[in-house]
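The report that follows takes up the pocket, the charged pairs, the surface and the backbone of one protein model, in running text with one small table.

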Amino acid sequence: SAHLKLETGIHRLGLEGADMKELVLLLRTAPAIQVKSIYSHLAAAGTQQHDAYTHAQVKLFKQLAQHLEQSLSTQLTKHILSTAGILRFPEYQFDMVRLGIGLYGVSTDEGAQRHLAVANTLKTVISQIKQIPQGATIGYERKGVAQRPMQVAVLAIGYADGFSRALGNGQGKVWINGQLAPVVGHICMDMTMVDVTDIDTEEGDEVIIFGRERPIAEVATAAGTIVYEMLTNVSERVKRVYYTSQHTYQLPQSFVTSIPS
């Protein structure tokens, strides 16, 4: 069986309109190849300024799909929407959709984010708390400088775990006991130092890198990247703990469309 990807405007993988004649000839002469579905991918479904381009992509997809179905005398399963498209273009659901980052409770659409439940948390613990005198430096290249007497917590996480080095020197913040603690100095391979001078905490306390308390979108913005990269950069050496829940979530009516029988 085969699933055919059609090129409609993202200009990655996919068969173009110019390929249709050869494709149909191939499929007609190779009955062993059974096409199960045809699909495409939207380049900017989450960006309103490109909505006209999105509509044009879908229009082309419909045209190519209709040509294939008529040429092959069959009905094919069709899909084009990923998470952003599901939320913004329900009229283009076709036969199925592809929920990706939405499974993690994350959306690139701010209006839809409030309807999604956060599904993952990256956390660590405080390994050690140190008292740093004013004027002392912290970390590699002496980038962290104590402008006052400081209390610094050393966290058991570093860039080898997926906590981006771009979050060093105050760019990043972590959640500790209800407060945000800024990163001090460079992030190390296996450790990170944060300022907890004004936070009531002790060694062994839990630290949230991202999760319900510390939205991953804010962390990604601070690192100058996107949520997708934040999630995929969490390394294999980070322990995964999976939970199941009996909680059911009622999707807002505005997001529900009729499903053909």
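A salt bridge is here a side-chain nitrogen of Lys or Arg within 4 Å of a carboxyl oxygen of Asp or Glu. The model under discussion is a predicted one, and the values below are to be read with that in view.

## Salt bridges

By this rule the model holds 9 salt bridges. Side chains of opposite charge can pair when their charged atoms come close. Three of the pairs are set out in the table with the distance between their closest N and O atoms.

| Acidic residue | Basic residue | Closest N and O atoms |
|---|---|---|
| Glu206 | Lys123 | 3.0 Å |
| Asp195 | Arg148 | 3.9 Å |
| Asp161 | Arg237 | 2.6 Å |

In the salt bridge between Glu206 and Lys123, the closest N and O atoms are 3.0 Å apart. This pair links distant parts of the chain, since Glu206 belongs to strand E11 (residues 206–210) and Lys123 to strand E4, with the two positions 83 residues apart in sequence. Glu206 counts as partly exposed because its relative accessibility is 42%, and Lys123 counts as partly exposed because its relative accessibility is 45%.

Asp195 and Arg148 form a salt bridge as well, with 3.9 Å between the closest N and O atoms. Asp195 is part of strand E10 (residues 192–195), while Arg148 sits in the loop between strand E6 (144–145) and strand E7 (150–155), so the pair ties together parts that are 47 residues apart in sequence. Which of the two categories, buried or partly exposed, applies to Asp195? Asp195 has a relative accessible area of 17%, and because buried means under 20%, this residue is buried. Its partner Arg148 is partly exposed, with a relative accessible area of 36%.

For Arg237 and Asp161 the closest N and O atoms are 2.6 Å apart. This salt bridge, too, links distant parts of the chain, with Arg237 in the segment after H6 and Asp161 in the loop between E7 and strand E8 (173–176), 76 residues apart. Asp161 is buried, its relative accessible area being 9%. Elsewhere, salt bridges that share partners join Glu69, Lys78 and Asp95 into one network.

## The largest pocket

The largest pocket has a volume of about 1,100 Å³. Its lining is made up of 25 residues, of which Ala119, Asn120, Thr121, Val241 and Tyr242 are the closest to the pocket centre. The elements that give two or more residues to this lining are strand E4 (122–132) and helix H6 (227–232), and H6 gives the most, with 3 residues. In chemical terms, the lining of the largest pocket divides into 14 nonpolar, 7 polar and 4 charged residues. Strand E4, one of the two elements named for the lining, is also where Lys123 of the salt bridge with Glu206 is found.

## Surface and loops

A nonpolar patch on the surface is formed by Leu99, Leu103 and Tyr104, which together have about 310 Å² of accessible area. Leu99 is located in the loop between helix H3 (83–88) and helix H4 (110–113), and at 44% relative accessibility this residue counts as partly exposed.

Phe94 lies in the loop between H3 and H4. Most residues other than glycine have a negative phi. The phi of Phe94, however, is near 50 degrees, a positive value in a residue other than glycine, and at 25% relative accessibility Phe94 counts as partly exposed. Glu141 likewise has a positive phi, of about 60 degrees, although it is not a glycine. Glu141 is placed in the loop between strand E5 (137–138) and E6, and this residue counts as exposed because its relative accessibility is 63%.

## Separations in sequence and in space

Gln34 lies in the loop between helix H1 (20–29) and strand E2 (35–39), and at 45% relative accessibility this residue counts as partly exposed. How many residues apart in sequence are Gln34 and Ala2, and what is the C-alpha to C-alpha separation in space? Gln34 and Ala2 are 32 residues apart in sequence, and their C-alpha atoms are 5.9 Å apart.

Arg240 is found in the segment after H6 and is partly exposed, with a relative accessible area of 40%. From Arg240 to Gly178 the C-alpha to C-alpha distance is 24 Å, with the two residues 62 apart in sequence.

Key. Residues are numbered from 1 along each chain as its sequence is written. This is a predicted model: local features need pLDDT of at least 70, side-chain atom pairs count only at pLDDT 80 or more; totals for chains, interfaces and linings use all residues. Side-chain values use heavy atoms; hydrogens and water are left out. On a 1 Å grid over the protein atoms alone, a cavity is a set of points where a 1.4 Å probe fits but cannot get out, and a pocket is an open set with protein on both sides within 12 Å along at least five of seven lines; lining residues have an atom within 4 Å of a point. Grid points are joined across faces, edges and corners, and a volume is the space filled by probe spheres set on the points. Helices (H or I, at least four residues) and strands (E, at least two) are DSSP runs, numbered from the N terminus. Ala, Val, Leu, Ile, Met, Phe, Trp, Tyr, Cys and Pro count as nonpolar, Asp, Glu, Lys and Arg as charged, and the others, Gly among them, as polar. Patches are made of residues with over 30% relative accessible area and no salt bridge: like charges are joined within 9 Å, nonpolar side chains (Val, Leu, Ile, Met, Phe, Trp, Tyr) within 5 Å. Accessible areas come from the Shrake-Rupley method with a 1.4 Å probe; for residues, only the protein chains shown count as cover. Buried means under 20% relative accessible area, exposed over 50%, partly exposed in between (1.4 Å probe, protein chains only).
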